[in-house]
Amino acid sequence: EVRLVTELLPAGDLWSALGRGSRDRSVSWYRGGIFIAMDVAAGLKYLHEKRRVIHLDLKSSNILLRECHKIDGVSTVPSGYEVTHRAKISDVGLSKMLPLSHEYIKDLESGGTWNWCAPEVILCSKCTPAADMFSFGIVLWEICTGEIPLRGRLRDVEVPSECPREVADLIHACLDGSEGRLPSDRPTASQAFAMLQRLIQQTNQDYSSLHR
């Protein structure tokens, strides 16, 4: 008999925390969302850079939460933000490990969930860690809007009521499918994490300068 024992994350998943089903929405960008996004970016960075793994099914229902009201390394939460949860990526059932011989996976038979997966996953073409970054952009969009994504029908996020301009730009960079752009043009998980970290630091600096 085989059993899988994992850490208990009692706050459920991000899908439910965004107000789907019978639960009220408890997460927005300014209410916990930025810190959840940072955790997801950090998780992808670990998978891509340390384990050479592409998740291939990143979505809000595969992001598990626990309640938390402080962040290590962040002494002061920026004005207008609230820490509510920490997050971990789950469900690696469709994940693939990059071979040592090259930096992509070919002959992909299946993967992802339609409204979250990258175009190259749908087409079963060569996939790199950039495929996860497309899905990360969808998750960011979900956190900001609270809405269920429908492929090809995502509205623009509202700036600044739903998120800062920098986050809207990050979503656009992850999802932009305009002519001439390649998956390699998407930001990496490291770049996304660094951008979110800078946003927190800049917000703290702006807040401090207003109250000197």
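The exercises below, each with a worked solution, concern the predicted model shown above.

The model is predicted, with local features requiring pLDDT of at least 70 and side-chain atom pairs counted only at pLDDT 80 or more, while totals for chains, interfaces and linings use all residues. Residues are numbered from 1 along each chain as its sequence is written, and side-chain values use heavy atoms, with hydrogens and water left out.

**Exercise 1. Salt bridges**

Determine how many salt bridges a search of the whole structure finds, and describe the pair formed by E142 and R20.

Solution.
- Step 1. The criterion is a side-chain nitrogen of Lys or Arg within 4 Å of a carboxyl oxygen of Asp or Glu. The search of the whole structure returns 12 salt bridges.
- Step 2. E142 and R20 form one such bridge, with an N to O distance of 3.1 Å. This pair links distant parts of the chain, 122 residues apart: E142 belongs to helix 4 (residues 130–145), and R20 to the loop between helix 1 (14–17) and helix 2 (33–50). Helices are DSSP runs of H or I with at least four residues, strands are runs of E with at least two, and both are numbered from the N terminus.
- Step 3. Both E142 and R20 are buried. Buried denotes under 20% relative accessible area, exposed over 50%, and partly exposed the range in between (1.4 Å probe, protein chains only).
- Step 4. For another pair, R3 and E1, the closest N and O atoms are 3.0 Å apart. R3 counts as exposed because its relative accessibility is 66%, and E1 counts as exposed because its value is 85%.

**Exercise 2. A network and a cis peptide bond**

Identify which residues are linked with R155 in a network of salt bridges, and state which residues a cis peptide bond joins.

Solution.
- Step 1. The network comprises E147, R155 and E162. Within the network, the side chains of E162 and R155 meet at 2.6 Å, N to O.
- Step 2. E162 is buried, since its relative accessible area is 12%; R155 is partly exposed, since its value is 27%.
- Step 3. The cis peptide bond joins V159 and P160, with omega of about 5°. P160 lies in the loop between helix 4 and helix 5.

**Exercise 3. The span of helix 2**

Compare the expected span of helix 2 with the distance between its end C-alpha atoms.

Solution.
- Step 1. The expected span is 1.5 Å times one less than the number of residues.
- Step 2. Helix 2 has 18 residues and should therefore span 26 Å; its end C-alpha atoms are 25 Å apart, which agrees.
- Step 3. Among the buried residues of helix 2 are I34, F35, M38 and L44. Just after the helix, R52 takes a positive phi of about 55°.

**Exercise 4. Positive phi values**

Establish the phi values of L56 and D91, and classify the accessibility of L56 and D91.

Solution.
- Step 1. Most residues other than glycine have a negative phi.
- Step 2. L56 has a positive phi near 75° and is found in the loop between strand 1 (53–54) and strand 2 (63–67). L56 counts as buried because its relative accessibility is 4%.
- Step 3. D91 has a positive phi near 60° and is found in the loop between strand 3 (85–89) and strand 4 (96–97). D91 counts as partly exposed because its relative accessibility is 42%.
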